[in-house]
Amino acid sequence: MPNHKSAEKRVRQNDKRRLRNRAVMVATRTYIKQARAAIDGGDTTKINEALARAVKAIDSAASKGVMHRNQASRKVSRLTIAANKVING
């Protein structure tokens, strides 16, 4: 329990940020799952669309500081490699 006015404000700020970060990560994970499902499905157009959405969401999360930039880069790289394997044979 915060005992000072500044500590109360910090608790409010942390709660806001936690909820915002959580929403961003949930959306990002959803797009990643959709991309993986499209890759498993094998339809080229669906793969390209889902991959584009996932990459955009990952980059957005990284730019907001919700996800570390190296983790974002790794996820984009692995998704792209998996998609290219399916598309190019």
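This briefing covers a surface charge patch, the burial of selected residues, their contacts and some distances along the chain. The model is predicted. Helix α1 spans residues 5-41, while α2 (44-63) and α3 (69-88) are joined by a loop that holds G65. A patch of positive charge lies on the surface, and T28 of helix α1 is buried.

**Charge on the surface**

- The positive patch is formed by K5, K9, R10, R12, K16, R17, R20 and K64.
- One of these patch residues is R17, which belongs to helix α1.
- R17 has a relative accessible area of 39% and is partly exposed.
- R17 can belong to the patch because patch residues need over 30% relative accessible area, and R17 has 39%.

**Buried positions and their contacts**

- T28 is part of helix α1.
- The relative accessibility of T28 is 2%, so this residue counts as buried, the cut-off being under 20%.
- Leaving aside residues up to four places away in sequence, T28 is in contact with A57, I58, A61 and M67.
- A57, one of the residues touched by T28, sits in helix α2.
- A57 is also buried, since its relative accessible area is 13% and the limit is under 20%.
- With residues up to four places away in sequence again set aside, A57 touches T28 and Y31.
- The T28 and A57 contact therefore joins a residue of helix α1 that is buried at 2% to a residue of helix α2 that is buried at 13%.

**Exposed and partly exposed positions**

- G65 lies in the loop between α2 and α3.
- G65 counts as exposed because its relative accessibility is 59% and exposed means over 50%.
- T80 is located in helix α3.
- At 27% relative accessibility, T80 is partly exposed, as this value falls between the cut-offs of 20% and 50%.

**Separation in sequence and in space**

- T80 and V55 are 25 residues apart in sequence, and their C-alpha atoms are 8.9 Å apart in space.
- A57 and G42 are 15 residues apart along the chain, with 22 Å between their C-alpha atoms.
- G65 and I81 are 16 residues apart along the chain, and 24 Å separates their C-alpha atoms.

Notes
Residues are numbered from 1 along each chain as its sequence is written. This is a predicted model: local features need pLDDT of at least 70, side-chain atom pairs count only at pLDDT 80 or more; totals for chains, interfaces and linings use all residues. Side-chain values use heavy atoms; hydrogens and water are left out. Patches are made of residues with over 30% relative accessible area and no salt bridge: like charges are joined within 9 Å, nonpolar side chains (Val, Leu, Ile, Met, Phe, Trp, Tyr) within 5 Å. Accessible areas come from the Shrake-Rupley method with a 1.4 Å probe; for residues, only the protein chains shown count as cover. A salt bridge is a side-chain nitrogen of Lys or Arg within 4 Å of a carboxyl oxygen of Asp or Glu. Lys and Arg count as positive and Asp and Glu as negative; His and the chain ends are not counted. The place of a charge is taken as NZ of Lys, CZ of Arg, CG of Asp or CD of Glu. Helices (H or I, at least four residues) and strands (E, at least two) are DSSP runs, numbered from the N terminus. Buried means under 20% relative accessible area, exposed over 50%, partly exposed in between (1.4 Å probe, protein chains only). Contact means heavy atoms within 4.5 Å.
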